[in-house]
Structure formats: structure tokens, C-alpha cells
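Let's work through a few short exercises together. Keep the structure open beside you and try each task before you read its solution.

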Amino acid sequence: MTTTEPTDEVATLCEKLTREEKLRLVQGSPDPEGTATGYIPGVERLEIPPVRLVDGPMGVRAGGFEEGLPATAFPASIALAATFDPNLARRQGAAMGREAKARGQDVVLGPGVNLIRVPHCGRNFEYFSEDPTLASALSAGVVEGLQGEDVVATPKHYVANNQETDRVTVSAEVDERTLRELYLPAFRAAVEAGAGSVMTAYNRINGTYANDHRYLVREVLKDEWGFDGYVVSDWFATKDTVGAANGGLDLEMPGGSVADAFSFDASDEAGGKDEDHPADGPPADADFDLESVATGGMPGPDQGGVFGEPLAEALESGDVSPDRLDDMVARILGQLERIGLLEGVEATIERDDRGGALDTPEHRDLAERIATRGTVLLKNDDALPLSDDDRVALVGPNVDAATVGGGGSSAVTPFREVSPLEGLRNRAGEVSVARGVPEIESLSFEDLLPFGDDSDADQDADDAPEPTVEDAVATAAAADVAVVFVRDATTEARDRESLRLPGEQDALVDAVADAAERTVVVVNSSGPVELPWREDVDTIVEAWYPGQADGDAVASVLYGDVDPAGRLPVTFAPEDEYPITDERRYPGVDDEAHYEEGLFVGYRHFDDADGEPTYPFGHGHSYAEFEYGGAEITTKGGDDTETTLRVPLENVADRAGREVVQVYVRPPDADGPERPVRELAGFASVELEAGETRAVDVELEERAFARYDEADGWTVDPGEYVLEVGRSSRDIRSTATLER
Ligand code: GLC
């Protein structure tokens, strides 16, 4: 709905608010307490409390970019997706909601639901999958969890923000059908799950900035999907007052321009201006990080600050109607009312006791559970599980630190974190250790902030001897099994230049594999990476960025205390075989990235090209072993009812294990528009005891059979559909057919 239908209370408030007060509600301002990422001052005379918005998708980052206020650091969103379990997503959303309230925050700026189109994207760790069905299920789960705690969820970044290179200017040139079938579904699922807000992206879509995109924001999001919450900009993303207001943006964050945000306070109290501190711009000595601006990763000094006074002028001139301003305010107040913030001063005062909880045993256990459930066993030639009497050599440049997350606005400061070294020692007692190669530096946001502090952090004179591969080889050779930890390093605002592991890690793995009796490699990556040594090692575990529980989670998987239940939410393949190798497609030419691959992203591409991925979408081994019976359709579905597929599953191993039963739909061979060979339609993650047999039901929404037709909308072509049931997109165990 282009204009929301406010409740009587909100409508009454809107009538009482002055123009000035309304303008203050639609543009952020600095949080006087300094804990929020974004802040809206309240209107005390009308008992409208201030509102605090906080990052991010992997935990609550209150208190700013430096050492933020601690909170539970959940695993990367791609690890949550690898669990294929929306219930875990819902539980994480609820836990983040409780932690947000405990920090006095009202809105969480997450989940990140952009599709993983480009394997190099610096924010893939913050997103879920290359597949819209999986991304939608996780998106809805996190949103339901957050909103269930009376905290506003903010799925982001609407839409087609699939790369960090030139993210503040690039135009995603993408056709309507591809938008509908791939890039929009996870946002639609979030709206259907009750999200109170949506954050627009920095980039353009088909030439128009997301903030100003009347079609996508007003016609699709608000009118067609019936979204009645508020649309918030990304930080300093806005450029055009009238374009944004009339395009459907309701709230500009953080308020003010980049230059304002970093300008020197010239007031006498602050010491007054001097030649090094001009009043209206960044400090003269600030080192505007041209690199990040050069990659277009960060908004420029003149961005932001288009609401406030410029909006007042646009209202005066009639370029923006007063009704539009009222709708902005009603949408924001409507969400405050929904989460109980308009219940008068008492509620406001008591809001610190809005059921918040921080760093509870439940949250710690959940962070570890998601990390173990999201761990993917890519290959296992019987080197795992480890036995208690194995002599273990722990190798790797970063084993002394947990891989909590990546760089950027999602970074969470945990209360505690467990490194691989600590986790292995907790589980196994003594292990020998060798770093092998120099530490792989994490990338942090501070390096990329527009006026980043360019003073090199004092490299603490680490007098420890440089690690050597020779030392690692000797340590590995003296053990029964070598466990080598390798990682990539990524951040918001910058893409990876290669899918190869940084530094000399590949050489380290090669050398250890030559010498060790058994070699297990644990990969901590943001998404797909090249694994050139994969034939030379016994076992490969993809653990993503596991969050605070890192060492304990990976140790419990390595020793088989828990079954590695993760399945790949993205395809792993040789870097030059992804469908974005043409620079027109990525990173784009003349600031336009052409999504010419259309629907054929990820496994859809490799199936269409008959390619051989290194490890396919949905892949992941279990320590147990499962046999599939013949699938049968127990509910035919159709129109708006779901189809149910029943799959007999047996765990034929002598230990418990977890299986993700996946169902793919193959459309009828029709002469109509080209369609992917198969598309994920539904899935179920189930745990079976040794020897247990269970009939697993998988629900398929009707839209799983549909394609989007620009003239007719969602269309289910008549004909025979094949339902493929399997362990991955390339390991189909049984099929069933369905007429439509
Ligand atoms: C950033 C990010 C967005 C984040 C916001 C606030 O630039 O793109 O995801 O929520 O700013 O930190």
C-alpha cells in the first residue's frame, strides 16, 4: 500500500505533530548515549520516545566501530544458511532481539538477505545463499524471531546489492523476471514474515538509485506486497531529496552528510576552529580513504543529509506533498506502536526492562549449535572423527584467534571467544602447534571509513620468531593427524580479488599433506574458495566464520561429538567457471553490472552449462549414512495449497546423524521460456538415531513450480513436473512426478 493505514492513535499523533517535529522523525541524528548505529530523537511532549537502531545480522553491535559493547557473536549468516534450518534462524533472531533490548535498542539492522551472485563479494558472509528458496526460508526465520521479541527487523539491502565494488554507484542491470525469481524473493519472504522495516541499498537498479526507486519501493514493496512498515536508507546513501521522498523512502540514516558526520565541531566550547579544523568539513588532516572511495565502497563526502532542511524546502515548494511526509511519519510511528513504544512514558521508562537478555547460557549454546550445525564436511577419507588417543598437530597462522566474523558494520565484539587452539585443548588436552606461515590479517572497517585513521596501528614489536613451513612439517610428521586451519579475509566495502586463500596458506597445506600421516583441513571462509590441494588431503571441513564459539564448535565436529550437519548454500567451483567472469557482468563497465546470466546463478548455471562444480550446492557429508526410500506425493497441492512429499529415510550407520533432505523441481519440457534444469523447492533437516527409519515430509509451496512472466505474473505451466529428492543438487536419490 503506497500509504499505510494508521491506527487511530498514530493518526491522532500525526495530527498533533508540528511540521518541524515530523521532519525530525524522518531523519536520523547522533545518539546522545552513543550506543545506537542510528537514532531518531523522540517528541517528549507527545510521549514519543527516542528510537535506537543497531547493527547487525550476526549479533548486536552497540557502541560504535571501535571496541563495541559486547554481545553474543553468532556465526556468519552463510553458516546459518548451511544449517538449512529455519527454526535455528528463528531462534537466532529471537536471541538477537533479546540482546538488542538489553542494550536499549529497538531495531536490528538485519538480516542481510541479498542473493550470493558473485563468489568474490566481500559481504557474502553476511548473506545466506545463491538460492532464493533457501535464502527466503532463513530470511523469514530471522525476521520472525526478531519481531517476536518486539524488535523491528530490517531485511537489507533492497535490492541487487550483490557486490561491494562500486556499491555506492554501480547500476545492477537486471531483467524483471530475474529480479522476481532470484533477487526479490528473500525480501518478499521477510515482508510476509512481518518485517517492520526494509533497508534500501546503495546501488542503482536499472539506472535508478534504490532509495529513489518508485517502482521497486512503492509499486512492488508497498503496493503489491502490502508492506506497511518504513523504508530506511543505508548509511549516507541518499543523494536526491525529492527522488527519495517521492520514491518511497521513509527514513534517512544516519542523518546529515558524510562531511557533516566527520566535520570538526567549530564551537568555542570545542576549542573553536583553526587552520587544521575548518568548521564545515572534515579535519584538514583527515586522510579520506581514497582507496575505499576509489573502489566505490564507501559513500562520498557529499552524500546523505537530503532530508531535514532540504525536505522542508521541497515541502514548501510543493515538490513533495505533505501527505507523503505524513505517510513517512505514520509508517515509523506504526512500527513503534507495534513494538509497544507508544504506550506512554511509563512504558518508555520501563523499556529497559523490555525482556532483554545478554550473553545468557542459552545464547552461548545457540551460537555454538549454529556453528556446528553449519559446518560442512566437504570430503572425508576416514580421517574424521578423531579418536581421543590421536596425537594431534594443530597447524595454521590464525589458530590463536577465533574467526568471529568479517570486517564492516556486522562486526560484533563477543564477551568471550574460543580459538581453535583453545577449543582443541579443551577437547583433546595437549596438542602440538605450529603456525607455519605469517598470520592472515583480518580486514576491519576502520581501514575503510571515509576519514579512516591512517596512522598505522603500532605494530607491537612481536619478538616471537617468524613461523616456518619447515617447523609445521616437522610438527605434523610427528603426530598421528595434522589439522590445518586456513582462512580468507573479507570486509564490507571491498570484494575479494581472488578465490585463492591469501598468503602462503596453500603452500603450507601442500607441505603438511606431504609429511603427515593424515591431513584434515578446516577452512574458515566467507564463501567459495579455491582448494587446489583437495586431492592431496584426507578431509576438508568448511566452517565459515563460526563466531564466538569457533574452537569449541569445530572440536566437537572433529571428534564426532556432533554430526557435521551443514550443507553448501553456495556452489564451490573453479574461479573461472562462475558465470560472472565477463567484466560486463562483474564488476561492470561504465558503472553498470549487467546481470546477463539471468536466472543462471550458482547451481542453476552449472546445471545449465553441464559443468562439474568442485562441490555442488547442497553438498555435505555426515558421519552417519542414510538410505532413501521411494518418495511419494501425499498432498497434491495447487493454487494456494502446498504439495507434500513424503520421503522414507533410514540411518543405516551405527551412530546418530543429521540429514538434510532436499527436493528440487524439474519443470516440464515445454517450448516456453528457458528455465533452470532444477530449482530447490523445499528441504527438511532431520536427526536420526542409529538404525532409525522415518518418513520425512517436505512441504513445497505452489510458487516452487512457477516462473515469473512479465505479462502474466507468476505462472505454473501445465505439464509433468519431476520432483527430485536428494542429498544435494547433484546427488538425487529418488524422484516422483506431478501433473499441473
Ligand atoms: C553500512 C551497511 C549496512 C549497515 C549500515 C549501518 O554501510 O551497508 O548494512 O547496517 O551501514 O552500519
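**Exercise 1. Find which residues come nearest to the ligand, and sort its shell by character.**

Step 1. Start at the ligand in this predicted model. It has 14 residues around it, and those that come nearest are Asp-55, Arg-123, His-157, Tyr-202 and Asp-234.

Step 2. Now sort the shell: 7 of its residues are charged, 3 are polar and 4 are nonpolar.

**Exercise 2. Find side chains that hold a polar atom close to a ligand oxygen, and say how much of the ligand the protein buries.**

Step 1. Begin with Asp-55: an N or O atom of its side chain is 2.6 Å from an oxygen atom of the ligand.

Step 2. Move to Arg-123, where the corresponding distance from a side-chain N or O atom to a ligand oxygen is 2.8 Å.

Step 3. Add Lys-156, which has a polar side-chain atom 2.9 Å from an oxygen atom of the ligand.

Step 4. Finish with the surface: the ligand taken alone exposes 310 Å², and the protein buries 97% of that.

**Exercise 3. Is His-157 buried or exposed, and what does it touch?**

Step 1. Locate His-157 in strand S5.

Step 2. Its relative accessible area is 1%. Buried means under 20%, so His-157 counts as buried.

Step 3. Look at its side chain, which makes a polar contact of 3.1 Å with the side chain of Tyr-127.

Step 4. Leaving aside residues up to four places away in sequence, His-157 touches several others, including Asn-114, Arg-123, Phe-187, Met-199 and Asp-234.

**Exercise 4. How many residues of helix H7 are buried, and what do they pack against?**

Step 1. Helix H7 spans residues 185–192, and 7 of its 8 residues are buried.

Step 2. Name them: Pro-185, Ala-186, Phe-187, Arg-188, Ala-189, Ala-190 and Val-191.

Step 3. Look for their partners. The buried residues of H7 pack against helices H5 (132–148), H6 (176–183) and H8 (214–224), and against strands S5 (156–158), S7 (197–200) and S25 (713–715).

Step 4. Link this to the previous exercise: Phe-187, a buried residue of H7, is among the residues that His-157 touches.

Step 5. Just after H7, notice Gly-194, which takes a positive phi of about 105 degrees.

**Exercise 5. What is the average pLDDT of the protein, and where does pLDDT stay under 50?**

Step 1. The average pLDDT is 92, and 91% of the residues score at least 70.

Step 2. Over residues 452–459 pLDDT stays under 50, and the model has 4 contacts beyond four places in sequence for this stretch.

Conventions: Residues numbered from 1 in each chain as written. Predicted model: local features only at pLDDT ≥ 70, side-chain atom pairs only at ≥ 80, totals over all residues. Heavy atoms only, no water. Near = heavy atom within 4 Å. Polar contact = N/O pair within 3.5 Å; in protein donor to acceptor, adjacent residues only side chain to side chain. Areas by Shrake-Rupley, 256 points an atom, 1.4 Å probe, with all protein chains shown as cover. Nonpolar A, V, L, I, M, F, W, Y, C, P; charged D, E, K, R; others polar. pLDDT = per-residue confidence, 0-100. Contact = heavy atoms within 4.5 Å. Buried < 20%, exposed > 50% of the residue type's maximum accessible area, 1.4 Å probe, protein only. Helix = DSSP H or I, 4+ residues; strand = E, 2+ residues; numbered from the N terminus.
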